[in-house]
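Trainee: Please take me slowly through one part of this model, starting with aromatic rings and then what lies around them. I am new to this, so please explain the terms as you go.

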Amino acid sequence: GDSVIPGVGTMLSELTGKTGKALLSTLGLAGIPVTSGSSSEAASKTNTRFAEVHVYSFPFSVNTAAFIPCASLSSITLPFPTIHYISELDSIEWRLGIFEALHPKSLLAASLGPICSVVSPITPGLCMGYWGPLYPRRGYFIHGSEVVASASLSYRAVSISSLEGFFGHVVLMPLVWSPSERDKLQLLYPLPSGCIKIGQNPATWEFAKTSFTGKYVWVYWRHRECCLW
């Protein structure tokens with residue numbers, strides 16, 4: 001329930017504090033083996049990453065959205081967000097992925113092995129290009145870079161929150177659209193950066209972006225096409 005955005009962290013903590021802890025104590029997670037579907041899993045688990053993820057939207061105006069990447073987060077006054085997904089409230093699937101393990105796309109991603117982590121452009125709805133597999137959509141991800149893992153988990157959470165997400169997950173407010181490989185991500189914290197494509201080669205954007213607090217804020221940009229008559 002934590003966040004670096006002023007006001008949001010307090011709200012999320014109140015919402016997830018008791019519920020999240022109760023779920024975790026019930027699961028008894030210590031010693032339970034986990035998997036991310038990554039092709040590097042068989043070699044080593046030293047790069048296993050885990051993070052809680054929250055998906056929420058704001059009624060930003062165009063001018064506000066364009067201003068944020070250059071602003072200080074502490075100086076931004078944000079309206080009350082719409083909360084779509086909180087991983088603490090989805091503890092069973094976000095940690096264990098019981099239903100996710102049975103998802104046909106999880107089985108296919110595992111069968112692709114190393115191909116899934118190097119294919120580019122990304123395989124729609126299955127692989128995230130250079131980042132690795134989209135499925136199974138849970139909080140464990142194996143990658144040498146914490147920054148890439150945070151971007152990958154963010155994309156997984158958006159996928160869960162979308163209309164494709166109802167596969168055993170707890171979603172508070174579904175998104176009314178499905179994520180696309182044409183969408184983009186933009187890092188706001190710890191270091192405001194430019195937009196990147198989903199699955200983009202980390203060598204082109206990841207350097208010196210690691211957060212000292214382990215927290216990251218990503219803005220998800222949805223690709224839209226409009227026709228004017």
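**Aromatic rings and their surroundings**

Mentor: Let's begin with a count: there are 6 aromatic pairs here. The rule is that rings of Phe, Tyr and Trp (its six-membered ring) pair if their centres lie within 6.5 Å; planes under 30 degrees apart count as stacked, over 60 as edge-to-face and the rest as tilted. Before going on, please keep in mind that this is a predicted model, in which local features need pLDDT of at least 70 and side-chain atom pairs count only at pLDDT 80 or more, while totals for chains, interfaces and linings use all residues. Residues are numbered from 1 along each chain as its sequence is written, and side-chain values use heavy atoms, with hydrogens and water left out.

Now look for Trp131, Trp205 and Trp218, which ring pairs link into a cluster. These three, together with Tyr85 and Leu185, touch the most other members of the largest nonpolar core, which has 29 residues. Such a core is a set of buried Ala, Val, Leu, Ile, Met, Phe, Trp, Tyr and Cys residues joined through side-chain atoms within 4.5 Å. Buried means under 20% relative accessible area, exposed over 50%, and partly exposed in between (1.4 Å probe, protein chains only). Helix 5 (146-161), strand 5 (184-189) and strand 7 (217-221) each supply at least two residues of this core, and helix 5 gives the most, with 9 residues. Helices (H or I, at least four residues) and strands (E, at least two) are DSSP runs, numbered from the N terminus.

Let's stay with Trp205. Leaving out residues up to four places away in sequence, Trp205 touches Trp131, Val147, Val148, Ala151, Ile196, Gln200 and Trp218; contact means heavy atoms within 4.5 Å.

Next comes the sheet. It is open, with 3 strands in the order 6-5-7 and antiparallel pairing; two strands pair if DSSP finds at least two bridges between them. Strand 6 (195-197) and strand 7 stand at the edges with a single partner strand each, so one side of each has no neighbour in the sheet. On average, neighbouring strands are turned by 35° against each other, direction ignored. Strand 5 and strand 6 are joined by 3 bridges, and Gln186 stands opposite Cys195 in strand 6. Helix 5 packs on this sheet, touching strand 5 and strand 7, and its direction makes about 50° with that of strand 7. Axes are lines fitted to C-alpha atoms, for helices over the stretch in contact, and angles run from 0 to 180 degrees between N-to-C directions.

Finally, find His143, in the loop between strand 4 (140-142) and helix 5. His143 counts as buried because its relative accessibility is 18%. Not counting residues up to four places away in sequence, His143 touches Asn47, Arg49, Tyr130, Trp131 and Val148. That list includes Trp131, which you met in the ring cluster. The side chain of His143 also reaches the backbone nitrogen of Ser145 at 3.0 Å. This is a polar contact, a pair of N or O atoms within 3.5 Å; within protein, one must be able to donate a hydrogen and the other to accept it, and residues adjacent in sequence count only if both atoms are side-chain atoms.
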